[in-house]
Amino acid sequence: MDGDGTQDARGTHATPVPRTRSAVPPRPSVPPSTDGSAFLAWLRAPRPEALPGVWRFGHRPRPVEAPEEIPTRQLLSGALIAFLVGWLIWSLLENGYLGGWWILPLQLLAPDAWLHSDSNVVRAFVYDGYTLLVIVAIMVGVGRLGRWGEVWRRFGAPRFRRREPEQAAPTLQDDPAQWNHLRAAGVADAAERLAADARSGLMRDVDYARIARAWQGVRSGRHDLAAFSGAVLRDGAAACLHPSGERDLPVRAARHDLVSGQVRLGTTADDPRNPYAYRGTGLGLGPDLLGTSLVAVGPAGSGKTGTVVRPLAESLCLHALAGRAAVVVVGAAGAGLGPADAYDVVVRIGNPESVYDLDLYGGTSDPDEAAAVLAEALVGDLADPHPGSDSRRSTTVLAQLLGPFRAVHDRFPSVPELRQLLDGAPGALGALRTALQGSGQESLLRELDARERQSGHPGDVSAVLADRVALLDRPAFAGFFDTSGQSQPFSLKALDHPVRVRVDLPARGHAEASRMLARLVLAQFTASVAVREDRSLFACLVLDDATGVVTPEAVRGIQRLRSGNAGAVLTLRTLDDVPRPLRGPLLGATGCRVALSGVTPWDGQDFAEVWGKEWTEARDVTDRQIIAETPAGKAVHALRRVITGKAPTARAVTVRQVERERWSASELAHGVPPGHAVLSLTSVQGEHAPPLLVDLRG
């Protein structure tokens with residue numbers, strides 16, 4: 001029984017191919033343990049509900065925000081000086097330099113029998129007790145002045161604070177390793193087998209997530225309870241495997257938590273510009289955030305691929321192994337998107353050794369649908385760059401050719417054949433007309449007639465389409481985009497299955513063709529996720545370097561992904577790679593926005609506008625020095641200056657509510673340290689996280 005209860009997930013025509021394993025052993029998901037204690041500790045770790053983007057594994061909410069701390073040097077010096085002043089005052093009192101007035105309260109209030117008692121014990125108790133009371137009063141006064149309480153709270157109390165008890169082992173009813181939900185459903189034998197594998201160290205985090213996903217399928221009615229129970233009793237932790245048979249990735253470069261579904265990207269900086277509850281917490285992203293799509297902008301070398309794309313692609317591949325997600329990763333060959341063994345299908349366009357091909361028409365048999373997707377790929381970047389524009393004229397031209405060709409040949413044209421048709425070659429069009437005549441398909445003949453009439457007229461886009469198709473009709477791509485059935489084309493119709501796909505684009509010498517293919521994959525992805533039957537499977541497209549990919553139709557497609565339980569991850573070197581009218585709609589269509597270190601001020605301006613402003617409390621503090629006029633006042637002021645280190649002042653505070661940008665363009669361009677990023681998050685439930693300064697290296 002597969003992880004999702006379906007057949008092989010490599011596409012419509014793809015078949016499994018044996019792969020050579022790397023010589024490097026896979027990194028274990030949890031520290032190795034022969035008795036499973038490490039896995040159980042990971043499984044039982046607390047994961048409290050938290051704000052969007054907070055790494056939940058072992059998270060402990062911060063205490064209530066503390067007041068502003070006094071600098072340590074100033075605090076300790078003030079406390080010491082206050083102690084010396086108190087000692088001096090007591091010495092002067094005890095030695096009579098200040099007179100005997102301080103003993104008058106005792107003489108007035110104490111009974112004469114106590115003061116003149118013959119008992120030395122009574123007299124010592126009275127006089128020594130009063131002396132101690134005076135000393136305590138002096139120490140309390142100078143202690144308040146020297147902030148001794150703050151010194152104790154900061155340096156003394158932590159040393160005597162008891163260690164917090166370790167996380168107690170959960171009860172049998174609450175222990176996730178006992179699989180109590182299986183026991184409650186009447187399959188106690190299967191639950192006991194899984195619990196035994198967990199205790200013996202045979203279960204991994206991917207196994208737990210995969211079996212939990214399969215159990216969800218049983219609960220929803222997609223899978224049979226008896227088949228699930230039999231698979232678990234037979235295979236234990238290896239039950240319900242992914243169609244590839246893999247139970248883990250060959251290597252992991254980031255920290256993952258498959259219980260919460262998060263991958264850790266870094267640590268939120270302890271910076272005053274971050275909300276207090278986020279400071280110092282880990283940053284974790286999962287499908288609940290990626291479902292609103294993500295765009296990351298940063299110059300070359302800022303860490304887009306290594307610190308954002310690679311961890312996210314790795315996390316989605318783990319989710320696919322657990323039967324939870326389908327992922328398509330697109331990038332230049334050698335971009336560092338993970339080893340080939342981490343994927344089920346690797347399409348190396350332009351590489352003769354590539355096992356898989358890419359279906360140019362997205363696996364559809366509808367000529368109109370194929371024409372719409374192909375038109376977006378070929379000339380989508382030439383459309384009027386406004387949110388309301390499209391490429392319907394190009395779609396009509398392609399549909400007028402694809403429909404008759406498929407009716408005659410029962411397939412779509414190859415790249416050379418499509419180029420000839422768009423060029424209006426008499427031989428190609430004449431052959432189609434001859435084959436259609438007498439077949440009774442008069443509507444297709446009318447389509448062909450219309451195409452011939454429009455060909456060569458002003459405003460005809462067939463010449464532009466032919467020029468774009470010519471970029472794919474090159475010797476480097478010979479053997480690719482085959483429609484005769486002789487290759488193994490991968491189709492994005494396979495997104496109904498937990499498939500892991502990597503598409504390597506030919507970057508060198510074919511930059512324009514690579515951008516066309518990236519638009520093709522994005523268009524096919526947005527079209528495929530909209531018609532999926534099983535939307536419980538999260539689908540995600542990771543596009544490393546989306547230069548030239550953002551078009552009006554692409555923005556509309558990204559906006560629709562959220563409702564189909566899908567998302568997209570796009571990276572850009574600069575927003576200048578996006579037409580100016582589409583920058584705002586792109587940032588508005590994506591719920592997660594990342595500005596990495598080194599963005600330009602004009603890029604920062606776009607982020608500052610989309611993040612908006614907030615009401616903040618502005619405090620204007622005015623200090624006015626107090627001038628003493630009497631000798632006693634001057635003495636008191638001098639004493640206060642010695643203890644506090646500051647001249648006596650009267651402070652006037654004015655508090656105003658002002659509206660300021662959360663992050664200004666200048667701060668984004670010049671105030672983000674290397675290896676950091678400012679990002680905002682939105683979950684599919686509508687929860688928001690304000691822009692956060694994050695250390696992606698932590």
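What follows is a conversation about selected helices, loops and surface residues of a predicted model.

Visitor: Before we start, what kind of model is this, and how are residues numbered?

Guide: This is a predicted model, in which local features need pLDDT of at least 70 and side-chain atom pairs count only at pLDDT 80 or more, while totals for chains, interfaces and linings use all residues. Residues are numbered from 1 along each chain as its sequence is written, and side-chain values use heavy atoms, with hydrogens and water left out.

Visitor: Let's take H10, then; which of its residues are buried?

Guide: In helix H10, residues 225-235, the buried ones are Phe228, Ser229, Ala231 and Val232. Buried means under 20% relative accessible area, exposed means over 50%, and partly exposed is in between, with a 1.4 Å probe and protein chains only. Helices (H or I, at least four residues) and strands (E, at least two) are DSSP runs, numbered from the N terminus.

Visitor: And why do those four count as being on the same side of H10?

Guide: Because they cover an arc of only 160° around the axis, they lie on the same side of H10; the arc is that of the directions from the helix axis to the C-beta atoms. The face turned away from that buried side carries the exposed residues Ala226 and Arg234.

Visitor: What does the buried side of H10 pack against?

Guide: The buried residues of H10 pack against helix H7 (180-184), helix H8 (188-200) and helix H9 (205-220), where contact means heavy atoms within 4.5 Å.

Visitor: How about the ends of H10, what is there?

Guide: At the N-terminal end, Asp224 acts as a cap, with a side-chain oxygen 3.1 Å from the backbone nitrogen of Ala226. After H10 comes Gly236, whose phi is positive, near 65°.

Visitor: Which residues other than glycine have a positive phi here?

Guide: Arg147 is one of them, with phi near 55°, and Asp410 is another, with a positive phi of about 60°. Most residues other than glycine have a negative phi.

Visitor: Where do Arg147 and Asp410 sit, and are they buried or exposed?

Guide: Arg147 lies in the loop between helix H5 (120-146) and helix H6 (148-160), and it counts as partly exposed because its relative accessibility is 38%. Asp410 is found in the loop between helix H14 (392-409) and helix H15 (415-423), and it counts as exposed because its relative accessibility is 62%.

Visitor: Switching to H20, which helices and strand do its buried residues pack against?

Guide: The buried residues of H20 pack against helix H13 (367-379), helix H19 (511-529), strand S11 (566-572) and helix H21 (580-589). In H20, which spans residues 552-561, the buried residues are Pro552, Ala554, Val555, Gly557, Ile558 and Leu561.

Visitor: H19 also holds Gln524; is that one buried or exposed, and what does its side chain reach?

Guide: Gln524, found in helix H19, is buried, with a relative accessible area of 2%. The side chain of Gln524 reaches the backbone oxygen of Asp359 at 3.0 Å. Leaving aside neighbours within four places in sequence, Gln524 is in contact with Asp359, Leu360, Tyr361, Gly362, Val373 and Leu492.

Visitor: One last item, Ala638: which helix is it in, and how far is it from Arg159?

Guide: Ala638 lies in helix H23, residues 631-644, and counts as partly exposed because its relative accessibility is 33%. The C-alpha atoms of Ala638 and Arg159 are separated by 35 Å, the two residues being 479 residues apart along the chain.

Conventions: Polar contact = N/O pair within 3.5 Å; in protein donor to acceptor, adjacent residues only side chain to side chain.
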